[in-house]
Amino acid sequence: MAGAALLGRLTPPPALRWQIARVVSVRAETPRAITLALDVPEWPGHRAGQHVDVRLTAEDGYRAQRSYSIASPPLASVLEITVERLEDGEVSPWLAREAEPGDELELRGPIGGYFVWEPARGGPLLLIAGGSGLVPLMGIERLRRAATPELASTLLVSARSPEELIYAEELEGAVVTYTREPPPGWTGYARRVDRAMLAEVAPPPEQRPHCYVCGPTSFVEVVAEALVALGHHRALIKTERFGATGG
Amino acid sequence: MSPITRGFRRREPSGDDSRLPPGQHLVGGFPVLSAGPTPHTPLDQWTFTIDGMIDEPLRWTWEELRALPAEPVRCDIHCVTSWSKLDTEWEGVSLDTLLDGVATEADYVTAWCDGGYTTNLPIEDVTDGRAWVAFGYDGRPLEPEHGGPARLLVPHLYLWKSAKWVRGITLRPDNEPGFWEALGYHQRGDPWQEQRYWGD
Amino acid sequence: MDETMLDGNAAAGDFQELFAVEVTQMVGVCAGCGLTGPLAEAHAFSLAPGLTLRCPGCDAVLARLVHLPDRTLFELRGLRRLEVS
């Protein structure tokens with residue numbers, strides 16, 4: 001019945017409230033990015049692509065809050081976020097340099113229903129990441145590999161240099177472009193993602209790939225417009241902008 | 001009651017705290033806060049208007065504004081989001097200069113801006129040397145992200161009253177809540193009385 | 001291009017805490033120009049005294065949200081309607 005179906009979709013997601021999360025482990029991904037594994041006692045589970053809000057409170061009551069995408073796939077036993085330390089960040093420097101196992105922080109989530117993917121949506125997938133925009137896309141890709149590996153996906157990642165490439169060991173099969181300093185002997189792409197690159201890398205629009213684009217605002221806008229110009233339907237392009245001052 | 005995060009503290013430079021209003025802290029840079037995209041009105045289309053409770057609206061082109069006597073302004077600025085900067089240096093035309101000779105019974109003004117932002121002020125808060133149309137900051141033309149080509153500067157009130165990309169003020173009998181004042185922020189905004197929100 | 005501008009995904013947490021409904025998938029219609037799209041694609045300006053969501057087509061304000069110490073205020077006047085499908 002249409003009404004029941006609508007009600008089902010309007011059924012509130014798990015109550016969104018601040019919970020206390022405990023840091024279980026900290027793992028360096030690159031010189032500036034770390035992955036935190038968190039124990040959240042009443043974690044309701046999440047969908048690939050969603051994010052959490054993290055809030056820190058200082059002794060004088062000062063609070064700072066930022067959003068971080070969930071890196072771990074939905075059925076993993078522990079919740080993981082990957083945080084890139086921003087030079088003038090409020091929250092990311094503490095997460096990247098101070099956080100230790102046993103530390104407590106506040107967390108709210110999971111958040112998001114637009115920038116999500118699950119196998120039932122089908123594919124093929126086209127995942128285009130700028131810098132730390134790779135985090136939610138890797139959550140999606142890890143889910144695909146675990147649940148529906150036969151479903152095709154194309155992953156295009158833009159990073160400044162190999163040192164700044166997150167999850168490098170999981171990117172076999174991905175197309176990487178380096179925008180500042182490619183490694184010696186590199187024969188791959190060495191420029192910002194543009195329409196010509198997408199024309200070569202992306203599946204043709206006739207295959208109707210589900211496109212997910214995540215990264216800094218200007219990256220997302222250039223890529224989304226290029227995909228439309230190549231003939232991909234806007235309704236199949238999902239975007240999430242990360243702020244340069246996000247963290 | 002949020003748990004204290006071990007080892008977490010606000011980043012801030014050390015400085016003269018005694019000049020800070022309650023609840024404020026010093027920052028090193030100049031944070032950019034906006035409710036919308038940065039407008040880019042070409043100077044040959046830019047005007048500043050005073051209208052409302054006035055016999056004849058007044059309007060200045062950019063050249064005409066820049067031909068008026070301008071003055072340096074050195075002031076502390078306080079943002080309601082809790083950061084403050086001391087001894088900032090501006091250049092602008094005093095609103096007293098723009099209102100010189102204007103007879104009005106208005107008790108309030110609404111400043112209005114490119115992009116649609118508005119803010120309301122009692123008229124005494126923008127006269128007698130308390131407000132400027134500022135076009136210079138730190139010895140250079142005011143950057144677009146900070147309100148250039150010109151913003152209102154009313155340093156004795158929280159910085160949301162110093163409307164970026166100002167294009168005019170309307171003289172009014174009533175206090176019409178502006179963009180943030182309509183959604184929880186104080187009508188006047190005196191940082192020394194910590195007038196941040198409705199009811200403060 | 002304003003790198004500090006985000007999109008409606010950044011507003012999801014605040015609205016979800018208020019509404020207990022996931023709003024970013026909801027399709028909104030701009031009361032200014034009629035542009036229709038998911039709220040996730042609205043332009044979000046949150047480095048400010050409050051959060052402002054603007055139409056990606058005409059920049060009109062779609063919605064605003066302010067956290068005060070003891071309450072939250074929001075308004076959705078710039079949305080002619082919202083659709084869930």
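Two strands count as paired if DSSP finds at least two bridges between them, and strands (E, at least two residues) and helices (H or I, at least four) are DSSP runs numbered from the N terminus. Keep that in mind for the views below.

This is a predicted model, in which local features need pLDDT of at least 70, side-chain atom pairs count only at pLDDT 80 or more, and totals for chains, interfaces and linings use all residues. Residues are numbered from 1 along each chain as its sequence is written, while chains are lettered from A and ligands numbered from 1 in the order in which they are written.

**View 1. The open sheet of chain C.**
Here C:G28 sits opposite C:G37 of strand 3. Strand 2 (residues 27-30) of chain C is joined to strand 3 by three bridges, and the two run antiparallel. Zoom out a little and three strands of chain C make an open sheet in the order 3-2-8, with antiparallel pairing. Strand 3 (36-38) and strand 8 (79-83) are the edges: each has a single partner strand, so one side of each lacks a neighbour in the sheet. On average, neighbouring strands of this sheet are turned by 25° against each other, direction ignored (axes are lines fitted to C-alpha atoms, for helices over the stretch in contact, and angles run from 0 to 180 degrees between N-to-C directions).

**View 2. A hairpin in chain B.**
Strand 4 (residues 71-78) and strand 5 (residues 83-94) of chain B run antiparallel and are held together by seven bridges. B:R74 stands opposite B:E89 of strand 5. Four residues lie between the strands, and in this hairpin B:S82 takes a positive phi near 100°.

**View 3. Chain A as a whole.**
Chain A has five helices and eleven strands. Its radius of gyration is 18 Å, close to the 18 Å that the globule rule gives for 247 residues, so chain A is as compact as a globular protein of that length (the radius is taken over C-alpha atoms, and the rule is 2.2 Å times the number of residues to the power 0.38). Of the 247 residues, 45% count as buried, meaning 20 or more other C-beta atoms lie within 10 Å of the residue's own; 12 or fewer makes it exposed, anything in between partly exposed, with C-beta atoms placed from the backbone.

**View 4. Helix 3 of chain A.**
This helix is mostly covered, with ten of its 14 residues buried. Among them are A:L134, A:M138 and A:L143, along with the charged-looking pair to find on screen, A:E141 and A:R144. Asp, Glu, Lys and Arg count as charged, Ala, Val, Leu, Ile, Met, Phe, Trp, Tyr, Cys and Pro as nonpolar, and the others, Gly among them, as polar; I call A:E141 and A:R144 a pair just for listing, and both are buried.

**View 5. A:I20 and its contacts.**
A:I20 lies in strand 1 (residues 19-28) of chain A. Leaving out residues up to four places away in sequence, A:I20 touches A:E104, A:E106 and B:P3 (a contact puts two C-beta atoms, placed from the backbone, within 7 Å).

**View 6. Where chain A meets chain B.**
Here 15 residues of chain A are in contact with ten residues of chain B. The chain A side divides into six nonpolar, one polar and eight charged residues.
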